[in-house]
Structures are given as structure tokens and as C-alpha cells.
Amino acid sequence: MILLKSLMSKCLLIAEKIKSQRYKKNKITAKKIRTLNGFENEAIEIPGQVSFAVMVADTSCITEDFLGQFSVISSMVSLDYLWNEIRAKCNAYGCGMSIKKDCLAFYSYRDPNPCNSFNVYNHLLDYLNQILSNSVDLDSYIIGAIGNSEPILTGKSEISIGNREYLCD
């Protein structure tokens with residue numbers, strides 16, 4: 001028992017040493033920044049030429065009745081607006097909008113210009129107003145949202161999900 005405790009304490013010391021060296025070596029720093037609207041956020045700087053840009057909002061006020069509609073909006077924003085503005089025009093590797101029960105997120109990854117991505121996120125309202133003023137066919141977005149929530153399953157996947165539902169419920 002004493003051997004196990006001393007082994008664990010040595011492992012923890014080594015883990016701390018690895019963690020501190022990694023941050024020193026890679027010069028990863030966290031900074032508090034103040035945005036234009038006065039909110040304080042945290043930015044993490046990494047030594048690289050590309051980065052990630054994420055904007056998150058609390059959506060706990062949205063009832064579950066609207067989650068389906070927000071999935072359609074997420075599909076529309078991800079595939080049209082964000083894809084064109086961030087992926088196609090600015091060469092980010094990927095981008096999108098995700099909505100869950102308590103969280104709305106806009107993200108880009110391997111992004112050579114994250115400041116522009118935040119600018120694109122902030123102009124999303126203009127895009128949505130344009131959608132509302134034009135008569136846009138929403139059928140393809142609805143089908144896309146359903147496809148994201150109910151993907152086609154292989155036989156193996158169906159059995160795995162059935163087993164998990166049977167055993168866990």
C-alpha cells in the first residue's frame with residue numbers, strides 16, 4: 001500500500017513537471033481581453049500561424065419546443081453564411097454553428113484570420129434579416145437538419161445502438 005501511494009505521488013509530480021514544461025516550451029499564454037461591447041473574455045495564444053475562433057452564448061432560456069427550428073437555422077448558417085464567409089473567402093479549414101440544449105456556438109478551426117471570423121459572427125444578424133426579407137426555400141435546410149440528427153446507420157451501428165438503449169434504459 002505504501003509503495004502504491006509513493007508511486008502515485010511520483011506520477012503526480014512528473015505530470016506537473018510535464019505540464020509546466022509544455023507551457024514554457026510552447027509559450028502558451030492565457031489573457032483576459034475586453035471586447036468592444038464591454039464583456040470580458042479569455043483568449044489563449046498559441047505559437048502558430050493558424051488558430052481557432054469560437055463564440056459561445058448561453059441558450060438555457062430557449063425551450064425545447066424551438067430546438068428543431070434552431071437546428072434548421074444552424075444548418076442554414078453553417079452551410080451558407082459561415083461556409084462562404086469564413087471557409088471559402090478566408091481559407092479557414094472549417095467552420096460552423098452548433099446548438100445544443102444550453103449552448104449556442106459559432107466556431108472556425110485552423111483559421112488563418114480569427115479576427116475576421118469574429119467579425120463574420122457579429123454580422124450574422126444582417127444575413128438572417130436578408131433571409132427573412134427574401135423568400136428562401138427552406139426545404140433543403142430542413143432536410144439537412146434532419147439528416148444531421150438522424151444519420152443513415154449500418155447494420156452494425158443499428159445493433160450497437162439497440163443494445164445500448166436496451167441495456168441502459
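## Close-up views of a predicted model

**Figure 1. The whole chain and its surface.** The accessible surface of the chain comes to about 13,100 Å². Carbon and sulfur atoms hold 59% of that surface. The model is predicted. The chain has 169 residues, and 19% of them are buried.

**Figure 2. The order of helices and strands.** The chain contains 6 helices and 5 strands. Follow the sequence from start to end, and the pattern reads α-β-β-β-α-β-β-α-α-α-α. Contacts also link parts of the chain that are separated in sequence. Take the contacts between residues at least 6 apart in sequence: 54% of them join residues at least 24 apart.

**Figure 3. The second largest pocket.** About 350 Å³ of space lies in this pocket. Its lining is made up of 20 residues. Which residues lie nearest the centre of the second largest pocket? They are Gln69, Ile73, Met76, Leu128 and Leu132. Three elements each give two or more residues to the lining: helix H2 (67-90), strand S5 (103-111) and helix H4 (124-133). Rolling a probe the size of a water molecule over the atoms shows where empty space is left.

**Figure 4. The residue classes in the pocket lining.** This view sorts the lining of the second largest pocket by class. Nonpolar residues number 16. Polar residues number 4. The lining has no charged residues.

**Figure 5. The salt bridge in helix H2.** The structure holds 1 salt bridge. Here the side chains of Lys89 and Glu85 meet, with 3.0 Å from N to O. How many residues apart are Lys89 and Glu85 in helix H2? They are 4 residues apart, so about one helical turn separates them. Lys89 has a relative accessible area of 57%, so this residue counts as exposed. Glu85 has a relative accessible area of 25%, so Glu85 counts as partly exposed.

**Figure 6. Ser51 and its contacts.** Ser51 sits in strand S3, which covers residues 51-58. Is Ser51 buried or exposed? Ser51 is buried, because its relative accessible area is 18% and the cut-off for buried is under 20%. Now set aside the neighbours of Ser51 within four places in sequence. Ser51 is then in contact with Tyr109, Arg110, Asp111 and Pro114.

Conventions. Residues numbered from 1 in each chain as written. Predicted model: local features only at pLDDT ≥ 70, side-chain atom pairs only at ≥ 80, totals over all residues. Heavy atoms only, no water. 1 Å grid on protein atoms, 1.4 Å probe; cavity = no way out; pocket = protein on both sides within 12 Å on 5 of 7 lines; lining within 4 Å. Points joined across faces, edges and corners; volume = space filled by probe spheres on them. Nonpolar A, V, L, I, M, F, W, Y, C, P; charged D, E, K, R; others polar. Salt bridge = Lys/Arg side-chain N within 4 Å of Asp/Glu carboxyl O. Buried < 20%, exposed > 50% of the residue type's maximum accessible area, 1.4 Å probe, protein only. Contact = heavy atoms within 4.5 Å. Areas by Shrake-Rupley, 256 points an atom, 1.4 Å probe, with all protein chains shown as cover.
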